[in-house]
Amino acid sequence: MKNHLLEICYLIGSVTFIIGLKMMGNAKTARKGNLIGAFGMTLAILGTIFLHDNNVPTLIYVLIFTAIAIGTIIGWMTAVKVQMTKMPELVSIFNGMGGACAALISLIEIDHMLHMNPLAMAAMVLTGGQGAIIGSLIAIFAGLIIGSVSFSGSIIAFLKLNGTMNKPVRLPYYNIINTVIMFGLFVFAGYMIYSGNVSMPLMYILFAAALIYGVMFVLPIGGADMPVVISLLNSFTGLAAACGGFLYDNKVMLTGGILVGSAGTLLTLVMCKAMNRPLSNVIFGAFGSSTAAGSGADLKGTIKDIQVSDLAVLMNYSKKVVIVPGYGLAVAQAQHIIKELEDLLEERGVEVKYAIHPVAGRMPGHMNVLLAESNVSYDKLVEMEEINPEFEQTDVVLVVGANDVVNPAAKTDPSSPIYGMPILEVDKAKHIIVNKRSMNAGYAGIDNLLFYDPKCSMFFGDAKKALTELVAELKTMD
Amino acid sequence: MESLLAFFSEHREMIYFIILAVFVGVEVIGGVPTVLHTPLMSGANAIHGVVIVGAIYVMLQVDPENYLALVLGFLAVLLGTLNVVGGFVVTDRMLEMFKKK
């Protein structure tokens, strides 16, 4: 009876995951979709705890509830408190937790199998056949490897986004070394399954090797590509969860896991497409370090800067202003002041729009989330394809903390690492104002020819501080 | 070879299930606007937290004398909860900002 009820819980859970994810694809229904998914998850978790026929000692229940209570409090507090700019890091860390969870399940399962008496083992072979044992072992090993890689990889991705580990680290021949480790992992696991020579120490070695591989996998990848990596690791964790589902013949884990695995992979590819780079290039390519190739071009021009008073006059008498937000805006927490600037200009009859590059910020859609926080209206955020033809009629483009997404080298310089990436064609506008803290290169680590454009002026300073000055200046000009 | 075939026939329903789920995943994501990529990734991140079900399941089977398994299981449930709760709450926070005014 209980078992049947549990199956129904799992069925409802699976359906809510599918519906929830589908609803999250539309801005109107997204929030509800997320809540529906959360409801299904709660149902599946409570069902698993209460609907079973095992005779479970109280100690186990106490442990389960304690773990859930601690996890809920920490998870909830962090999620509520963290700043909007830190979202990508947070997603990465939570993803790592899921991966670690999957890896631990595999370790316990192997321990469990090794403790099983030979009679039970033989019975399992008799009832399930040889395929069942092999199936279980494959699921356990795959869960361990994928989960561990996802865990350690996510931690490195977190550190990189955090700025703790900003530079890509590349050992000599890192591609070859990584490939060898990866094949080594599979061969090692395959050998254990094939020979049946499974023991805890060997499992720990596999566990450690998979953790090392996760680190080595993410280490050489540049910070700008972290969103793609997180999305990829996200789908890895999905697969690890699916391995658990396979192992226990648990349909809700299987649906949830596979769903995220395939959706995550597709999302990763879509993100790569937005940057116009194949996934292989992100993973194996030397992006952001081998700048020697692209920067040799003529950078002989001069750089002008503009005073805040001149800029205020310029903007005040414009008809149309387009703001290009980037990560610098997020870091400086300048989303509220930029909204103030927008209101001020609109009051004076200036048309203001925001040009959103698909990979602006650290994650696709990052800028939208950020600007939405300061109540910028949804229809003022214009995507790249739509805004590009409008730049010709634009008087002033204000680039705030963005760099690579407006670099004309992507169109003109085949030797540039970002060559081929679609960019915002701001150089068509009458005036280009770039707000940056310094002349440092962007995340891709390459120089920007735009700054040497005769139409371009630099407006140096921290985004929040500089914009606050600009707004103050504008206010004096009634 | 024989064991591979045995493996397939033992698990054929599961294999069908997996293949169909892959297509559902691809279908569900198709045509999502760029704007929603971040929340969607975050939402998918919360959903794979379903791995916690496996962690709880393991805990319910663990022999209470086996301290190693108890500790690992406790950790697994804790980490799984972090993934689920953190994932859904963060997604909700992001999506809250898309609210129409």
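Buried area is the accessible area that two parts lose on being put together, summed over both. I keep that at the top of the page for the domain and chain entries below, and I note that the model I am looking at is predicted.

**Entry 1: domains of chain A**

I started with how chain A is divided. The assignment gives me domain 1 (1-81), domain 2 (89-284) and domain 3 (296-475). I then looked up the first pair, and found the C-alpha centres of domain 1 and domain 2 of chain A 23 Å apart.

**Entry 2: where domain 1 meets domain 2 in chain A**

How much area do domain 1 and domain 2 of chain A bury between them? I get about 750 Å², with 81% of it on carbon and sulfur atoms. In residues, 10 from domain 1 of chain A are in contact with nine from domain 2 of chain A.

I checked the polar side of this interface too. The rule finds zero salt bridges between domain 1 and domain 2 of chain A, and two residue pairs in polar contact, both partners at pLDDT 80 or more.

Which elements of domain 1 of chain A supply at least two residues each to this side? I noted α1 and α3 of chain A. The largest share, six residues, comes from α1(A). Sorting that side of domain 1 by class, I wrote down six nonpolar, four polar and no charged residues.

**Entry 3: chain A against chain B**

Next I turned to the two chains. I found 111 residues of chain A in contact with 83 residues of chain B. Chain A and chain B bury about 8600 Å² between them, and 79% of that is on carbon and sulfur atoms. I also asked which three residues of chain A give more of its buried area than any other three. They are Arg31(A), Ile108(A) and Phe246(A), supplying 7% of the area that chain A buries against chain B.

How many salt bridges cross between chain A and chain B? The rule finds one. I traced a salt bridge between the side chains of Asp92(B) and Arg31(A), at 2.9 Å from N to O. Arg31(A) was already on my page as one of the three residues with the top combined share of buried area. For polar contacts between the chains, I have 11 residue pairs, both residues at pLDDT 80 or more.

I then listed elements on the chain A side. Those giving two or more residues include α1 (2-23), α2 (30-50), α3 (58-81), α4 (87-115) and α5 (118-162) of chain A. Further along, α8 (226-248), α9 (251-274) and α15 (366-373) of chain A are also among them. The largest share, 18 residues, comes from α4(A). By class, the side of chain A that touches chain B has 68 nonpolar, 34 polar and nine charged residues.

**Entry 4: domains of chain B**

A short one: chain B is assigned domain 1 (1-30) and domain 2 (34-101). I put their C-alpha centres 24 Å apart.

**Entry 5: a stop at Ser318(A)**

I finished on a single residue. Ser318(A) sits in the loop between α12 (308-316) and β2 (320-325) of chain A. Is Ser318(A) buried or exposed? I count Ser318(A) as buried because its relative accessibility is 9%, and the cut-off for buried is under 20%.

What does the side chain of Ser318(A) reach? I found the backbone oxygen of Leu314(A) at 2.7 Å. Leaving out residues up to four places away in sequence, Ser318(A) touches Val350(A), Asp395(A) and Val396(A).

Methods: Residues numbered from 1 in each chain as written. Chains lettered and ligands numbered in written order. Predicted model: local features only at pLDDT ≥ 70, side-chain atom pairs only at ≥ 80, totals over all residues. Heavy atoms only, no water. Helix = DSSP H or I, 4+ residues; strand = E, 2+ residues; numbered from the N terminus. Buried < 20%, exposed > 50% of the residue type's maximum accessible area, 1.4 Å probe, protein only. Polar contact = N/O pair within 3.5 Å; in protein donor to acceptor, adjacent residues only side chain to side chain. Contact = heavy atoms within 4.5 Å. Domains from an automatic or database assignment. Buried area = accessible area lost by both parts, 1.4 Å probe. Salt bridge = Lys/Arg side-chain N within 4 Å of Asp/Glu carboxyl O. Nonpolar A, V, L, I, M, F, W, Y, C, P; charged D, E, K, R; others polar.
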